[in-house]
Amino acid sequence: MQQTILNVQKLNLALEKQNEAFKKMQVQKTLIDTTAIKEIVLKDSSCETELRGYKQIFKELGK
């Protein structure tokens with residue numbers, strides 16, 4: 001019986017350490033200003049134009 005209690009205590013301690021590690025790894029949500037992205041206008045639907053548009057979006061998101 002005493003061994004069981006010790007095992008449960010060890011398990012609880014291990015779970016607490018694991019939960020703390022998970023909390024440290026959590027990603028925090030950040031707000032992104034999307035006004036510059038909304039201003040990107042594609043002149044036509046050609047592949048080159050769309051590619052330039054995507055490049056602009058990635059540049060804005062990378063700021």
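This section describes confidence, salt bridges and surface features in a predicted model.

The mean pLDDT of the chain is 85. Every residue is covered by the lower bound: 100% score at least 70. Confidence varies between the elements of the chain. Helix α1 has the highest mean pLDDT, at 93. Helix α2, residues 35–38, has the lowest, at 75. Where pLDDT is low, predicted coordinates should not be read in detail.

Two salt bridges are present in the structure. One joins the side chains of Lys23 and Glu20, with an N to O distance of 4.0 Å. Both residues belong to helix α1, which spans residues 2–25. They are three residues apart there, so about one helical turn separates Lys23 from Glu20. The two partners fall into separate accessibility classes. Lys23 has a relative accessible area of 55% and is exposed, because the cut-off for that class is over 50%. Glu20, at 42%, is partly exposed.

The other salt bridge pairs Glu48 with Arg52. Their closest N and O atoms lie 3.5 Å apart. This pair sits in helix α3. Glu48 and Arg52 are four residues apart in that helix, and the separation is therefore about one helical turn. Glu48 is exposed, with a relative accessible area of 57%.

Helix α3 covers residues 47–61. Besides the Glu48–Arg52 pair, this helix contains Glu50 and Phe58. Glu50 has a relative accessibility of 30% and counts as partly exposed. Its class follows from the cut-offs, because partly exposed lies between the buried limit of under 20% and the exposed limit of over 50%. Apart from neighbours within four places in sequence, Glu50 is in contact with Leu42 and Ser45.

Phe58 counts as exposed, because its relative accessibility is 58% and the class begins over 50%. The residue also contributes to a nonpolar surface patch. Ile32, Tyr54 and Leu61 complete this patch with Phe58. The patch has an area of about 450 Å².

Taken together, helix α3 holds a salt bridge between Glu48 and Arg52, the partly exposed Glu50 and the exposed Phe58 of the nonpolar patch. Helix α1 holds the salt bridge between Lys23 and Glu20, and has the highest mean pLDDT among the elements of the chain.

Key
Residues numbered from 1 in each chain as written. Predicted model: local features only at pLDDT ≥ 70, side-chain atom pairs only at ≥ 80, totals over all residues. Heavy atoms only, no water. Patch = residues over 30% accessible without salt bridge, like charges linked within 9 Å, V, L, I, M, F, W, Y side chains within 5 Å. Areas by Shrake-Rupley, 256 points an atom, 1.4 Å probe, with all protein chains shown as cover. Helix = DSSP H or I, 4+ residues; strand = E, 2+ residues; numbered from the N terminus. Buried < 20%, exposed > 50% of the residue type's maximum accessible area, 1.4 Å probe, protein only. Contact = heavy atoms within 4.5 Å. pLDDT = per-residue confidence, 0-100.
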